Amino acid sequence: MKIAIPADEKNMGTNVCASFGRTPWFLIYDDETKEYTFLDNSAASESGGAGIKAAQAVVDNKADVLLTPRCGENAANVLKAANIKIFKTNSISAKENLEAFAACEFPLLDEIHGGFHGHGGN
Amino acid sequence: MEEINMNIAVLSGKGGTGKTLVSVNLAAAAKNSVYVDCDVEEPNGHLFFKPENIREEKISVKIPAVENKLCSGCRQCVDFCKFNALAYVKDKLIIFDDICHSCGGCVMLCPEKALTEKHKAIGKLQKGISGGVKVYTGILNAGEASGIPIIKNAPYVIIL
C-alpha cells in the first residue's frame, strides 16, 4: 500500500507540512517494499487551485492512503473520486506518523475545511 | 442650459465613507440620469430610489461540461487550466465550477470535442425607473466566487 504525506523537507527526518496543497514535497512510502520517494509538489507555486493539482499528483502517483493534518474540500473531492482514504496525522514527524499508521492508531480525517479559494484573482 | 454627458464613478476601498450618499444624491440632483449600483454583493442604492417597472435579466457565465463517453483521457484540458479547475481521476474528468474562470480554453483545446460550454447563472441585473433616474442594480447570488461578470455586463445592458 502506498502512503502519501505532505513533507517540509526531502528526507526521512522531515516534519509533516501543515498545508496539503502547498506542501513543497510529498513523501510517498510503500509499506510493503519499504521504498520511498519524494515527489516535488509543483502545485505549491500555483496562484489558485493548488489543492486540486496536488491531489491530482497524489492520485497519479497511485497512493492508496493520505496522511495529512488538514485537507480542503476540492482536494478531498479529487481524492475521494480516486478512493484514497484520508487520515489525520497525530504528530509532527513524518516517520512517527508512518509508525502510528502501521500500528493502526489513526482516525479518519473527518473535518474537511472549506479550502482557501479565491486565489489567483477573479 | 447646455446638456453635458459624463460618467461619474464613485468608489472607495473603505466602507461607511458615504459612497452611496454621494452617488444617490448626484443621480437625483442630475434629474435625467442613470444610476448603476455595481456593489453586486450588497447593492443598496435601490432602497433610496424605490424604482418602479422593474425588469430583470439573468447573468450567467460559461463553464465546461464533459461528455465522458467522448473523453479519451488525454488531459490537455487539465494541463492547460491555469486555475486548476479540472482533474482527471479513474477515467473521469472532474470539473470544479467555482474555480473555473470561464476562459473557454479547455473547450477550444479538447481534440475529442468532449467538452462543451454550459451556462451557469451567477446573478441578475435589475432595471427600474425612479422619476427621471434609471436605476440599474447588479445582484450576485450568495456564495458565488466573483461578481465581476455582472459588473462587466452592466454598461452593455445600459446601452441597450
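A quick definition before the tour. A residue counts as buried here if 20 or more other C-beta atoms lie within 10 Å of its own. One caution as well: this is a predicted model.

Let's start with helix α2 of chain A, residues 73–81. Which of its residues are buried? Asn74(A), Ala75(A), Ala76(A), Val78(A) and Leu79(A). What do they pack against? Within chain A, the partners are α1 (50–60), β4 (65–68) and β5 (85–88). From chain B, β3 and β4 join in. So this helix takes us to both chains, because its buried residues pack against elements of chain A and of chain B. Just past α2(A), look at Asn83(A). Its phi is positive, about 60 degrees.

Now the sheet of chain A. Five strands form an open sheet, and the pairing is mixed. The order is β3-β2-β1-β4-β5. At the edges sit β3 (36–40) and β5 of chain A, each pairing on one side only. From one strand to the next, the twist averages 25 degrees.

Follow β4(A) across its two pairings. On one pairing, strand β1 of chain A, residues 2–7, runs parallel to β4(A) over 2 bridges. There, Ile3(A) stands opposite Val65(A). On the other, β4(A) and β5(A) are parallel too, over 4 bridges. Val65(A) turns up again here: its bridge partner in β5(A) is Lys85(A). Leu66(A), in turn, stands opposite Ile86(A).

Stay with Ile86(A) for a moment. This residue is in strand β5 of chain A. Is Ile86(A) buried or exposed? The count is 20 other C-beta atoms within 10 Å. The cut-off for buried is 20 or more, so Ile86(A) is buried. What does Ile86(A) touch, leaving out residues up to four places away in sequence? Leu66(A), Thr68(A), Cys71(A), Ala76(A), Leu79(A), Leu108(A) and Leu109(A). Two of those names, Ala76(A) and Leu79(A), you heard among the buried residues of α2(A). For scale, take Ile52(A). Ile86(A) and Ile52(A) are 34 residues apart in sequence, and 15 Å apart in space, C-alpha to C-alpha.

Next, the core. How many residues does the largest nonpolar core have? It has 64. The residues with the most contacts inside it are Ile5(A), Ala55(A), Val58(A), Ala75(A), Val78(A) and Leu79(A). Which element gives the most to this core? That is α1(A), with 6 residues. Chain B contributes as well. Domain 1 (31–59 + 121–159) and domain 2 (62–119) of chain B both give residues to this core, so it lies between them. The C-alpha centres of those two domains of chain B are 32 Å apart.

Pick out Ala55(A) from that list. Beyond four places in sequence, Ala55(A) touches Ala75(A), Val78(A) and Leu79(A). Ala55(A) also touches Ala87(B), from the other chain.

That leads to the contact between the chains. Chain B puts in 14 residues and chain A puts in 17 residues. Where on chain B do they come from? The elements giving two or more residues are β3 (86–89) and β4 (92–95) of chain B. The side of chain B that touches chain A divides into 9 nonpolar, 2 polar and 3 charged residues.

To close, go back to α2(A). Its buried residues pack against β3 and β4 of chain B. Those two strands are the ones just named on chain B's side of the contact.

Conventions:
Residues numbered from 1 in each chain as written. Chains lettered and ligands numbered in written order. Predicted model: local features only at pLDDT ≥ 70, side-chain atom pairs only at ≥ 80, totals over all residues. Contact = placed C-beta atoms within 7 Å. Nonpolar A, V, L, I, M, F, W, Y, C, P; charged D, E, K, R; others polar. Buried ≥ 20, exposed ≤ 12 C-beta atoms within 10 Å, placed from the backbone. Domains from an automatic or database assignment. Pairing = 2+ DSSP bridges. Axes fitted to C-alpha atoms, helices over the stretch in contact; angles between N-to-C directions. Core = buried A, V, L, I, M, F, W, Y, C linked by C-beta atoms within 7 Å.
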